[in-house]
Amino acid sequence: MLNEDLKINQEGHLLFGGADTVALAKQYGTPLYVMNENRIRKICNMYKQSIEKCYHGNGLPLFASKAFCCKEICRIMNDEGMGLDVVSGGELYTAMQAGFPPERIQFHGNNKTTEEMKYALTCGVGHFVVDNLTELHTLDNLAGCMHGHANILLRIKPGIDAHTHKFIRTGQIDSKFGFALETGEAMAAVKEALQAKNVTLTGLHCHIGSQIFEIQPFLLAAKVMLTFIRDIKAETGAELQELNLGGGFGIKYTEQDQPVPYDQYMEQVSKTVHSCCSEYNLALPKIYIEPGRSIVGESGLTLYTIGAVKSIPNTRTYVSVDGGMTDNPRYILYQSTYEAIVANKAEKPRDYTVTIAGRCCESGDLIQEHTPIQKCAPGDILAVLSTGAYNYSMASNYNRVPRPAVVFVKDGSPRVAVRRESYADLVQNDL
Ligand SMILES: *Cc1c(COP(=O)(O)O)cnc(C)c1O
């Protein structure tokens, strides 16, 4: 089994977080997102403890809510003492509705609208992560007009090419995110930010990409950022006190993926941070990290009901499910890999090679191609694993398909966190 939270019971049913997935499908219908709350909390705890240990508590892990955003996850993150990274007014609104403390929120985005910035100032978010000079000026003016104030970090492109899919790579110079170091753009922005009246530059941010398995790019990024903090101090006299190192830790989608344990990333990065600080004679900054996928990815799976099974001789077998790109657009976007299990036949061998197809009017609407599952028939329940990140949050209503419900399982007991959309929900804004 892919991870320790997946088991098989005596009936041959797949268990996830102690809950029988076949029973969940029956009780709540399909497609269904299932989130394992115990695992989510366990990983948050691990990150918190790592910060405690590596930086003597002078830091905070922020959950990157774009990976999975609803009120319930915000409540859990608050309960775990995590911070939150939001990238839009909508994510911020969700967090505020869930009672999340705004001072532990950092507001990201490469093109925040004026309305969003006003809203975030009104909420009193802890930090804005400023992406560009247009934003810096607008924010400074808005804060002045509103007799307010904002703490900011500047988003820096550290110029590191992490080996991951090009759509989820963000740290290199040809990226739409942030200020470039090599060209002097970043230093110029720092100087402007230090002059700005209504914002305080507290530090820097970088995020080199997503689903990264090596430690080296993270170490390099930390070193590049601290070198820049040293250079800023030398040129301006200002010693920045905060450093956000972003997220991007890889997870296990299939048996081929071998992620480094997250506390090892944390310890190695911390060694680099400590040694750079002592070499450059800098005080240890407050460290933020922003894991998204690594907290929720393997903590989720999606359940479908199998419909038609279509064998095309000498070609392939299509197994159609009652969802697809509307609940999981990652295969059509990035050819992402997934493993699937027939949940009610989980003890049988996975010796049937199939293509799992969705129900949308797109030939590309597939979940996985040429993948082994158990021999199956219409009415069986299919579980697609590791769908907790960037599935629900990327879901759409294409073909006017209502979005599935989200069920959280804690200590084996399920509860609905997001109810299934109805047809009435689909037309509620139509005039
Ligand atoms: C997406 C993103 C993250 C989270 O990345 P994961 O790969 O999900 O850990 C963190 N920070 C920023 C700025 C991001 O854009």
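## The largest cavity

The lining of the largest cavity divides into 13 nonpolar residues, one polar residue and no charged residue. The model shown here is predicted. A search of the whole structure finds one cavity of 30 Å³ or more. The volume of the largest cavity is about 110 Å³.

Which residues lie closest to the centre of this cavity? They are Phe218, Leu245, Phe249, Val269 and Ile289, out of 14 lining residues. Three elements each give two or more residues to the lining: helix H8 (216-236), helix H9 (262-280) and strand E13 (286-289).

## The shell around the ligand

The ligand has 15 residues around it. Lys66, Ser210, Glu290, Arg293 and Tyr390 come nearest. By class, the shell holds three nonpolar, seven polar and five charged residues. The cavity lining, by contrast, has no charged residue.

## Polar contacts and cover

Which residue places a side-chain N or O atom 2.6 Å from an oxygen atom of the ligand? That residue is tyrosine 390. Backbone atoms take part too. In arginine 293, a backbone N or O atom lies 2.7 Å from a ligand oxygen. In glycine 292, a polar backbone atom is 2.9 Å from an oxygen atom of the ligand.

How much of the ligand does the protein cover? On its own, the ligand has 380 Å² of accessible area, and the protein covers 94% of that. Arg293 and Tyr390, both named for their polar contacts, are also among the residues that come nearest to the ligand.

Definitions and conventions
Residues numbered from 1 in each chain as written. Predicted model: local features only at pLDDT ≥ 70, side-chain atom pairs only at ≥ 80, totals over all residues. Heavy atoms only, no water. Near = heavy atom within 4 Å. Polar contact = N/O pair within 3.5 Å; in protein donor to acceptor, adjacent residues only side chain to side chain. Areas by Shrake-Rupley, 256 points an atom, 1.4 Å probe, with all protein chains shown as cover. Nonpolar A, V, L, I, M, F, W, Y, C, P; charged D, E, K, R; others polar. 1 Å grid on protein atoms, 1.4 Å probe; cavity = no way out; pocket = protein on both sides within 12 Å on 5 of 7 lines; lining within 4 Å. Points joined across faces, edges and corners; volume = space filled by probe spheres on them. Helix = DSSP H or I, 4+ residues; strand = E, 2+ residues; numbered from the N terminus.
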